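Let's read a protein model together, one feature at a time. Ask whatever you like as we go.

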Amino acid sequence: MDKVKDLIRNVPDFPKPGIMFKDITPLLKNAEGFNRTIELMAAGFNADDVDVICGIESRGFIFASALALKLKKGFVPIRKAGKLPWETTKVKYSLEYGEDVIEVHNDAFSGGARAVLVDDLLATGGTAKAACELIEKTGGKINSVQFVIELSFLNGRDLLKNYKVNSILSY
Ligand code: AMP
């Protein structure tokens, strides 16, 4: 467990003053660390209960697609507005300043697919909450929500209280 934590780089004041950015690139380039992360994530739920692994753009894609490949599941991208080419459903959510929109293809969870939602980091929980709404709005069922890192002092779990939430590292 320490191994994974040792591979997260703290970058102060990025992308703006006062933010301590958790940089996952040292973890990604370390074969053992990256593999261990995906193994730990896979241990957080029962793969037999899951049809697809869903990642949030963009760092969520990295972990979600590796997990999907390991477990022989499909991958579903949740993207920032305007990137997906076909019919989509959108959810708007608020950020510290202003708002953002994420969207998913309308057929992403056809047949009531059971999904694991993945992102790199849980901060306030706003992004993951919006992604959960999107999955449910388009007919998907949420098995659990998986993060590499949780900033537990921001209480993002409170927003996700209706879901099973796992994180590998907590600060
Ligand atoms: P939130 O919606 O507040 O939970 O923010 C989560 C999203 O913002 C995730 O997609 C993260 O990649 C990103 N994020 C928020 N805070 C940080 C941080 N301190 N370091 C790296 N990424 C962050």
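Q: How many helices and strands does the protein chain have?
A: Helices (H or I, at least four residues) and strands (E, at least two) are DSSP runs, numbered from the N terminus. By that reading the protein chain has 6 helices and 9 strands. Keep in mind that this is a predicted model, in which local features need pLDDT of at least 70 and side-chain atom pairs count only at pLDDT 80 or more, while totals for chains, interfaces and linings use all residues. Residues are numbered from 1 along each chain as its sequence is written, and side-chain values use heavy atoms, with hydrogens and water left out.

Q: What does the radius of gyration say about the protein chain?
A: The radius is taken over C-alpha atoms, and the globule rule to hold it against is 2.2 Å times the number of residues to the power 0.38. Here the radius of gyration is 15 Å, close to the 16 Å that the rule gives for 171 residues, so the chain is as compact as a globular protein of that length. Along the principal axes, its C-alpha atoms fill a box of roughly 40 × 40 × 30 Å. As for burial, "buried" means under 20% relative accessible area, "exposed" over 50%, and "partly exposed" in between (1.4 Å probe, protein chains only). With those cut-offs, 44% of the 171 residues count as buried.

Q: In what order do the strands of the open sheet lie?
A: Strands of a sheet pair through backbone hydrogen bonds, either parallel or antiparallel. For our purposes, two strands pair if DSSP finds at least two bridges between them. In this model an open sheet of 7 strands runs β5-β6-β4-β3-β7-β8-β9, with mixed pairing. Its edge strands, each pairing on one side only, are β5 (88-94) and β9 (165-170). From one strand to the next, the twist averages 20 degrees.

Q: Which strands pair with β3 in the parallel sense?
A: One is β7 (residues 114-122), joined to β3 (residues 52-56) over 4 bridges. There, isoleucine 53 has valine 116 of β7 as its bridge partner. The other is β4, paired with β3 over 5 bridges, where isoleucine 56 stands opposite isoleucine 78.

Q: And is β3 covered on one face or both?
A: In a regular strand the side chains alternate between the two faces of the sheet. In β3 both faces are covered: Val52, Cys54 and Ile56 are buried on one side, and Ile53 and Gly55 on the other. With 5 of its 5 residues buried, β3 is largely enclosed by the rest of the structure.

Q: Where do helices α3 and α4 lie against the strands?
A: Contact means heavy atoms within 4.5 Å, and axes are lines fitted to C-alpha atoms, for helices over the stretch in contact, with angles from 0 to 180 degrees between N-to-C directions. Helix α3 (residues 31-42) lies across β7, β8 (141-150) and β9, at about 145 degrees to β8. Helix α4 (residues 59-71) packs on the sheet and touches β3, β4 (74-80), β7 and β8, its direction making about 165 degrees with that of β3.

Q: What surrounds phenylalanine 63?
A: Phenylalanine 63 is found in helix α4, and its relative accessibility is 0%, so it counts as buried. Beyond its neighbours within four places in sequence, its contacts include Ile24, Leu28, Phe34, Met41 and Val148. The C-alpha atoms of phenylalanine 63 and valine 148 are separated by 8.4 Å, although the two residues are 85 apart along the chain.

Q: Which residues have the most contacts inside the largest nonpolar core?
A: A nonpolar core is a set of buried Ala, Val, Leu, Ile, Met, Phe, Trp, Tyr and Cys residues joined through side-chain atoms within 4.5 Å. The largest has 27 residues, and those with the most contacts inside it are Ile78, Phe109, Leu117, Ile135, Val145 and Leu160. Helix α5 (126-137) is among the elements that each supply at least two residues, and α5 gives the most, with 6 residues. Apart from this core lies another, of 22 residues, among them Leu7, Leu27, Phe45 and Ala68.

Q: Where are the cis peptide bonds and positive phi values?
A: Most residues other than glycine have a negative phi, and most peptide bonds are trans. Here the bond from phenylalanine 14 to proline 15 is cis, with omega near -5 degrees, and so is the bond from glutamate 57 to serine 58, with omega near -5 degrees. Serine 58 lies in the loop between β3 and α4. Aspartate 13 has a positive phi of about 60 degrees and sits in the loop between β1 and β2. Asparagine 155, in the loop between β8 and α6 (156-159), has phi near 55 degrees.
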